[in-house]
Each structure stands twice: as structure tokens, then as C-alpha cells.
Amino acid sequence: QVRLVESGGGLVRPGESLTLSCEASPSGLTIWREAWYRQAPGKQREMVAERTSRGIEDYADSVKGRFTISRDRAKNTMYLQMNNLKPEDTAVYYCNADITIHAGTVPIDYWGQGTQVTVPS
């Protein structure tokens with residue numbers, strides 16, 4: 001069964017950086033599209049960063065120039081590098097990916113369990 005396990009959240013001061021990780025298992029799977037979302041208290045979940053199966057990246061306007069999505073294919077691990085963090089970045093962050101286990105099958109959408117990022121004002 002596919003699992004996405006996140007790590008790296010925490011409490012940081014404004015202006016500091018944080019890197020979130022999301023490891024996909026089991027080995028041998030294929031990630032077609034990866035993304036990071038976040039949900040702040042009382043707000044809807046929003047897309048923060050996305051990389052399509054064609055390698056096209058997209059970012060929310062609020063994080064452009066500060067956040068970077070990446071992946072280590074050998075480790076099946078996705079990352080979200082977050083720089084110059086602001087109080088409005090406080091949220092639970094979720095990784096999301098379209099994954100296939102077997103060649104020739106339709107990708108299925110999977111979510112991580114979420115990790116809290118807090119940037120106090």
C-alpha cells in the first residue's frame with residue numbers, strides 16, 4: 001500500500017527557513033505529479049506548489065520566490081524548501097502525489113498526513 005510520510009515541520013521565527021520532506025513508499029513506485037498544499041485554521045486547503053508530470057512547476061502567488069518544490073527520485077522523497085517564512089505561512093502542510101505502482105496503470109492520488117508549520121508574529 002502506498003504511503004506518503006511527511007516530516008520537517010516546526011516552529012520558526014519570521015524570516016527563517018524550513019524544509020519539509022515527504023517520503024513515498026514502497027520502493028519501485030512512479031510519481032507522476034507532486035504537490036504541496038496547506039490549510040490554515042478556518043481556511044480552505046490551498047495549493048502551494050506543484051510539479052506536473054511534464055516537469056512544469058507552479059506556485060501560489062503568495063509563495064513565489066520564497067518556496068521551491070523538488071524531488072530526489074532515488075529516494076522517492078519530495079521536498080518543499082521554504083525561505084523567508086512569514087506568519088501568514090502558518091498552516092498544516094500536506095504533500096500530495098499522483099502515483100502508480102505498476103506500469104501501465106492509471107495514477108492514483110495520495111496524500112500525506114500533514115505537518116504543522118508555525119511562524120509566530
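In strand S3, the residue paired with Leu-4 across a bridge is Ala-24. That pairing is a handy way into this model, which is a predicted one. Leu-4 belongs to strand S1 (residues 3-7), and S1 runs antiparallel to S3 with five bridges between them. S1 also has two distinct faces: Leu-4 and Glu-6 sit on the covered one, while Arg-3, Val-5 and Ser-7 make up the uncovered one. That fits a simple rule: in a regular strand, side chains alternate between the two faces of the sheet.

**The chain as a whole**

Stepping back, you'll find zero helices and 11 strands here. The radius of gyration is 14 Å, close to the 14 Å that the globule rule gives for 121 residues, so the chain is as compact as a globular protein of that length. Along the principal axes, the C-alpha trace spans about 50 × 30 × 25 Å. Of the 121 residues, 41% count as buried. The chain exposes about 6700 Å², and carbon and sulfur atoms supply 48% of that area. As for contacts with a separation of 6 or more, 56% of them come from residues 24 or more positions apart.

**Strand S4 and its partners**

Next up is strand S4 (residues 30-39). Seven of its 10 residues are buried, so S4 is largely enclosed by the rest of the structure. S4 has antiparallel links to strand S9 (residues 91-100) through nine bridges, and to strand S5 (residues 46-51) through five bridges, again antiparallel. Ala-35 is a good residue to click on: it stands opposite Asn-96 in S9, and its bridge partner in S5 is Glu-50. S4 and S5 form a hairpin with six residues between them, and in the turn Gly-42 has a positive phi of about 75°.

**Loops with unusual backbone**

A few loop residues deserve a look too. Ser-25 and Pro-26 are joined by a cis peptide bond, with omega at about 5°. Pro-26 lies in the loop between strand S3 (18-25) and S4.

Two asparagines have positive phi values as well. Asn-76, in the loop between strand S7 (67-72) and strand S8 (77-82), has a phi near 50°. With a relative accessible area of 12%, Asn-76 is buried. Asn-84 is in the loop between S8 and S9, and its phi is near 50° too. At 40% relative accessibility, Asn-84 counts as partly exposed.

**Salt bridges**

How many salt bridges does a search of the whole structure find? The answer is nine. Three of them are set out here:

| Pair | Closest N to O distance |
|---|---|
| Arg-38 and Glu-46 | 2.7 Å |
| Asp-61 and Lys-64 | 3.1 Å |
| Arg-66 and Asp-89 | 2.8 Å |

Take the Arg-66 and Asp-89 pair. Arg-66 lies in the loop between strand S6 (57-59) and S7, and Asp-89 in the loop between S8 and S9, so the pair ties together parts that are 23 residues apart in sequence. Both Arg-66 and Asp-89 are buried. Elsewhere, Glu-34, Arg-51, Glu-57 and Arg-71 are joined into one network by salt bridges that share partners.

How do the other two pairs in the table sit relative to the surface? Arg-38 is buried at 6% relative accessibility, whereas its partner Glu-46 is partly exposed at 34%. Asp-61, at 67%, counts as exposed, and Lys-64, at 48%, is partly exposed.

**A closer look at Asp-89**

Asp-89 has a relative accessibility of 1%, which counts as buried. Which residues is Asp-89 in contact with, leaving aside its neighbours within four places in sequence? They are Arg-38, Val-63, Arg-66, Phe-67, Asn-84 and Val-117. Two names on that list have come up already: Arg-38 is the salt-bridge partner of Glu-46, and Asn-84 shares the S8 to S9 loop where Asp-89 is also found. Val-117 is 28 residues from Asp-89 along the chain, and their C-alpha atoms are separated by 7.5 Å. The link to Arg-66 also shows up as a polar contact of 2.8 Å between the two side chains.

Key:
Residues are numbered from 1 along each chain as its sequence is written. This is a predicted model: local features need pLDDT of at least 70, side-chain atom pairs count only at pLDDT 80 or more; totals for chains, interfaces and linings use all residues. Side-chain values use heavy atoms; hydrogens and water are left out. Buried means under 20% relative accessible area, exposed over 50%, partly exposed in between (1.4 Å probe, protein chains only). Helices (H or I, at least four residues) and strands (E, at least two) are DSSP runs, numbered from the N terminus. Two strands pair if DSSP finds at least two bridges between them. Contact means heavy atoms within 4.5 Å. A polar contact is a pair of N or O atoms within 3.5 Å; within protein, one must be able to donate a hydrogen and the other to accept it, and residues adjacent in sequence count only if both atoms are side-chain atoms. The radius of gyration is taken over C-alpha atoms; the globule rule is 2.2 Å times the number of residues to the power 0.38. Accessible areas come from the Shrake-Rupley method with a 1.4 Å probe; for residues, only the protein chains shown count as cover. A salt bridge is a side-chain nitrogen of Lys or Arg within 4 Å of a carboxyl oxygen of Asp or Glu.
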